[in-house]
Amino acid sequence: MTIEIRVPQLPESVADATLVAWHKQPGDAVKRDENLADLETDKVVLEVPAPANGVLKELKIQGGTTVTSGQVLAIFEEGAAGAVSATAAKSAPAEAAKAAAPAAATASSGAARSGANGGGATATAADTSKLSPAVRRLIEENKLDPSGIPASGRDGRLTKADVVEYMDKRASGAAPAAAPAAAPAAKPAAPAAKPPGPRVGRTEQRVTMTRLRQRIAQRLVEAQSTQALLTSFNEVDLTAVNELRAKYKDRFEKAHGVKLGFMSFFVKAAIEALKKFPVINASVDGNDIVYHEYYDIGVAVSTDRGLMVPVIRDADLKSFGDIEKEIGVYAQKARDGSIAIEDLTGGTFTITNGGVFGSLMSTPIVNAPQSAILGMHKIQERPMVVNGEIRIRPMMYLAVTYDHRIIDGREAVQFLVAIKEGLEDPGRMLLQI
């Protein structure tokens, strides 16, 4: 039976999507629910699953095309087992030759790892299935073999930075090859310096921004141009938090099945501070201030595709264990590209942690239409005066960027002080004082 593969129903706030790449080509055998293509929206990547076992017969839309809900993407033939075998048999020699070419080229350049020739095709196929849309696009546009690129991502995943670095090294590697040929013609005794010739390897790469990156850029510019943003700073001594984590980390992990991190402390401290200063948890709607009487906390997560902010709903009603679990699940889904648009919408306040990248201090930008954002930074041991004595303490700079249209400096500073006090004496959070 012939089936039309259509664009799935897009979320209400998303008008269209971009067909990033096809994972299957006409004649390929497909299993039920296997991903046929990736559709990238402003916020998430959607998968197009196969409706049944069968064969992909015809592609109606090519990669890079903008599509809308219900549009026909491809024609699918359900249960065509015989055609699958014939197609596979015909394509086998071509696929083998295609797989051998990158391995041979890599070996001749001297950059191949030992033993790569024997399993190049298998490694390439395995790596390609794990690639994010941005990485896959770079690989396809530059005709690269992902199995020959060192991967630095989690679980051996290839990141966009890995591909860019690989291309830069490959481009610069061509320059030394030409140098020995020119060397014999030079006269070492001649003192006169010659004007430098044209630089070899001055290459450029032009890559279209992903829809997510375009959306991030748009939202950041809108926030800067529509809100009166100001940032206040403070610092927090995390000695008490460290001691609490060290004392209970094993029992906590055994009880909740997740490690006790820092983020749950900051979420809880932020919520207690938001309760004291409700305007920080509010937003502007025209000439009105909307005070939210619930606490949906966004936690910024960095991915290969850009920054995403999944939201922990009703975080004030959740325990430390629930918060840590939810953060872990969202972070994994965001990096895998399986996060849903519903996970990213809403939110009344956001926390972002630049400390994981080594940032000592920064001014985060508000995630509009929210009115404030808390920035965490690197924990660094510094000498501090404690009760008249100099002690070495694990210190972190905190930053709160806020919309000065509705939040006064006094409220922003006191809000940050409330977070500091909650973290330096965690018992206050438990007692809500």
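These notebook entries record what I looked up in one predicted model.

**Entry 1: the whole chain**

I began with the overall make-up of the protein, and I counted 12 helices and 19 strands in it. I then asked how much of the chain is hidden from the surroundings, and found that 40% of the 433 residues count as buried. My last overall check concerned contacts between residues at least 6 apart in sequence, of which 63% join residues at least 24 apart.

**Entry 2: salt bridges**

Side chains of opposite charge can pair when their charged atoms come close. How many salt bridges does a search of the whole structure find? The search gives 13, and I looked at a few of them one by one.

I went to E4 and R6, which form a salt bridge whose closest N and O atoms are 2.5 Å apart. I noted that E4 is partly exposed, because its relative accessibility of 42% falls between the 20% limit for buried and the 50% limit for exposed. R6 also has a relative accessible area of 42% and is partly exposed.

I turned next to E272 and K275, whose side chains meet in a salt bridge with an N to O distance of 3.7 Å. Both residues belong to helix α8, which covers residues 263–276, and they sit three residues apart, about one turn of the helix. Is E272 buried or exposed? E272 counts as buried, because its relative accessibility is 18% and the limit for buried is under 20%. Its partner K275, with a relative accessible area of 34%, is partly exposed.

The last pair I looked up was E326 with K318, where the side chains meet in a salt bridge at 2.8 Å, N to O. With a relative accessible area of 16%, E326 is buried.

**Entry 3: helix α8 against helix α11**

Having met α8 through E272 and K275, I followed this helix to a neighbour, helix α11, which covers residues 409–424. The two axes come within 8 Å and cross at roughly 135°. Why do I call the pair oblique? An angle of roughly 135° lies outside the range of 65 to 115 degrees for roughly perpendicular and is not over 145, the limit for roughly antiparallel, so α8 and α11 are oblique to each other. I also wrote down that their crossing is right-handed.

Which residues make this contact? On the α8 side I listed F265, F266, A269, A270, A273, L274 and K276, and these meet F415, A418, I419 and L423 in α11. Sorting the residues of the contact by kind, I got 10 nonpolar, no polar and one charged.

**Entry 4: residues far apart in sequence**

I then looked at pairs that are separated along the chain, starting with G328, which has its place in helix α9, residues 320–336. G328 is partly exposed, with a relative accessible area of 37%. Its C-alpha atom is separated by 8.4 Å from that of V258, although the two residues are 70 apart along the chain.

My second pair was A161 and D304, which are 143 residues apart in sequence and 8.4 Å apart in space, C-alpha to C-alpha. A161 lies in helix α4, residues 160–172, and I recorded A161 as exposed because its relative accessible area of 52% is over the 50% limit.

**Entry 5: backbone exceptions**

Most residues other than glycine have a negative phi, and most peptide bonds are trans. With that in mind, I looked for places in the backbone that depart from the usual pattern.

What kind of peptide bond joins A368 and P369? The bond is cis, with omega about 10°, and P369 is found in the loop between β16 (349–353) and β17 (372–376).

D33 has a positive phi of about 70° although it is not a glycine. I placed D33 in the loop between β3 (29–30) and β4 (35–40), where it is exposed, with a relative accessible area of 56%.

N387 likewise has a positive phi, near 55°, and is a residue other than glycine. N387 lies in the loop between β18 (380–386) and β19 (389–403), and with a relative accessible area of 80% it is exposed.

How values were computed:
Residues numbered from 1 in each chain as written. Heavy atoms only, no water. Salt bridge = Lys/Arg side-chain N within 4 Å of Asp/Glu carboxyl O. Buried < 20%, exposed > 50% of the residue type's maximum accessible area, 1.4 Å probe, protein only. Helix = DSSP H or I, 4+ residues; strand = E, 2+ residues; numbered from the N terminus. Axes fitted to C-alpha atoms, helices over the stretch in contact; angles between N-to-C directions. Parallel < 35°, antiparallel > 145°, perpendicular 65-115°, else oblique. Left-handed = near helix turned anticlockwise from the far one by under 90°. Contact = heavy atoms within 4.5 Å. Nonpolar A, V, L, I, M, F, W, Y, C, P; charged D, E, K, R; others polar.
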